[in-house]
Amino acid sequence: MSDLFTGITEKVKASYPSIVFPEGNDERIVEAASRLSAEGILKPVLLGDKEEIRALIVEKGYAFKEVEIIDPRTYEQMDEMIEAFVERRKGKETKEEAAERLLDVNYFGTMLTYMKKVNGLVSGAVHSTGDTVRPALQIIKTKTGVTRTSGTFLMVRGEEKYIFSDCAINISPDSETLAEIAIESAETAKVFGIDPAVAMLSFSTKGSAVCPEADKVVEATRLAKERRPDLLLDGEFQFDAAFVPSVAQKKAPDSPLKGQANVFIFPSLEAGNIGYKLTQRLGNFEAIGPILQGLNQPVNDLSRGCNAEDVYKLALITAMQSFI
């Protein structure tokens, strides 16, 4: 394991949080949860049919120091949860509708997080991003000053660490949203020991193209600087001008970034998604995420193509977010 995750593991162990996994009957989830428990890192809470989960544990020979298995259908504190859900939804759903809704493991797990019975949630091995994010937005909601969540990837290769955003949630963010994403991404970078140097990416560098797409990034840069003048942040940049000092000297000689950015804000979801996958597959970087930003409590989304190692690492990150 990289030094990055060794450091995270030690910090999480000291806190020993609990993380809920709504997809408790998935083999990848149970394998990762078993490892997290056996290593004494955190307490996993698995949701689903208890007999089915226990049978899977026995069949695969997984060992747990501590684990809690909850079936929403037989949860003894469901009445308390229904009351809290109805109150949180402010009359948008009746008690009867809430009782039905909370049989959905993602809604149930999100409520456990909201009620602080667990410290965070990891889902998405089976469910879509929407299935994971929607309950979080309705129940946990975004932090004050943040209008929407965004999805970032931590890109790791040896000692190299970078943040790529938004690669998961916002399809065509406007300037306001891009500014928010930039600020939240800088804070995420700090969680992983990255001193953020934020580049607002475009196909234009400092006015080399004049068009609505580039202007959007220029305005986002202005807004982000206005709101957080303490951040090292600049744009608009083509990637090479943000990352290669010799190119930066030619294209943006007055920029404080000087071609040394480590947090990259993409102008659209398609650019971000393509960018991180190219870096992952051609550059042999490990892509960890998407890590959801801007929420009041940590909820993170796996890829449905994930393996147990991905689950393990995202659970560590979620646990880390819970006390930062």
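In strand 3, Ile69 is the bridge partner of Leu46. That pair belongs to the link between strand 2, residues 43–47, and strand 3, where three bridges join two strands that run parallel. I should state at once that the model we are discussing is a predicted one.

These two strands are part of an open sheet of five strands, in the order 3-2-1-4-11, with parallel pairing. Its edges are strand 3, residues 68–70, and strand 11, residues 299–301, each of which pairs on one side only. From one strand to the next, the twist averages 20 degrees. Helix 7, residues 129–140, packs on this sheet and touches strand 4, residues 120–123, as well as strand 11. The direction of helix 7 makes about 165 degrees with that of strand 11.

Allow me a general reminder before the other sheet. Strands of a sheet pair through backbone hydrogen bonds, and the pairing may be parallel or antiparallel.

The other sheet is also open; six strands form it, in the order 8-7-9-6-5-10, and here the pairing is mixed. Which strands form its edges? They are strand 8, residues 232–237, and strand 10, residues 286–293, each pairing on one side only. Neighbouring strands of this sheet are turned against each other by 20 degrees on average, direction ignored. Strand 7, residues 197–201, runs parallel to strand 8, and five bridges join the two. Within strand 8, Leu232 is the residue that stands opposite Ala197.

Helix 8, residues 175–191, lies across strands of this sheet: strand 5, strand 6, strand 7, strand 8, strand 9 and strand 10. Relative to strand 9, residues 263–265, helix 8 runs at about 160 degrees.

Both edge strands lead me to the backbone geometry. Most residues other than glycine have a negative phi, and most peptide bonds are trans. Where are the exceptions in this model? In strand 8 we find Glu236, which a cis peptide bond joins to Gly235, with omega about -5 degrees. In strand 10 we find Pro290; the peptide bond from Gly289 to Pro290 is cis, with omega near 5 degrees. A further case is Tyr16, whose phi is positive, near 50 degrees. Tyr16 sits in the loop between helix 1, residues 3–15, and strand 1, residues 18–21.

Gly289 and Pro290 appear again at the largest pocket. This pocket holds about 540 Å³ of space. Of its 28 lining residues, the closest to the centre are Phe153, Tyr276, Gly289, Pro290 and Ser303. Helix 12, residues 269–282, strand 10, and helix 13, residues 308–321, each supply at least two residues of the lining. What is the chemical character of the lining residues? They divide into ten nonpolar, ten polar and eight charged.

I turn finally to a pair of helices. Helix 4, residues 78–88, packs with helix 6, residues 105–114, at an angle of about 85 degrees, and their axes are 11 Å apart. Helix 4 is therefore roughly perpendicular to helix 6. On the side of helix 4, the residues of this contact are Met78, Met81, Ala84, Phe85 and Arg88. They meet Tyr107, Phe108, Met111, Leu112 and Tyr114 in helix 6. By class, the contact has nine nonpolar residues, no polar residues and one charged residue.

Key: Residues numbered from 1 in each chain as written. Predicted model: local features only at pLDDT ≥ 70, side-chain atom pairs only at ≥ 80, totals over all residues. Heavy atoms only, no water. Pairing = 2+ DSSP bridges. Helix = DSSP H or I, 4+ residues; strand = E, 2+ residues; numbered from the N terminus. Axes fitted to C-alpha atoms, helices over the stretch in contact; angles between N-to-C directions. Contact = heavy atoms within 4.5 Å. 1 Å grid on protein atoms, 1.4 Å probe; cavity = no way out; pocket = protein on both sides within 12 Å on 5 of 7 lines; lining within 4 Å. Points joined across faces, edges and corners; volume = space filled by probe spheres on them. Nonpolar A, V, L, I, M, F, W, Y, C, P; charged D, E, K, R; others polar. Parallel < 35°, antiparallel > 145°, perpendicular 65-115°, else oblique.
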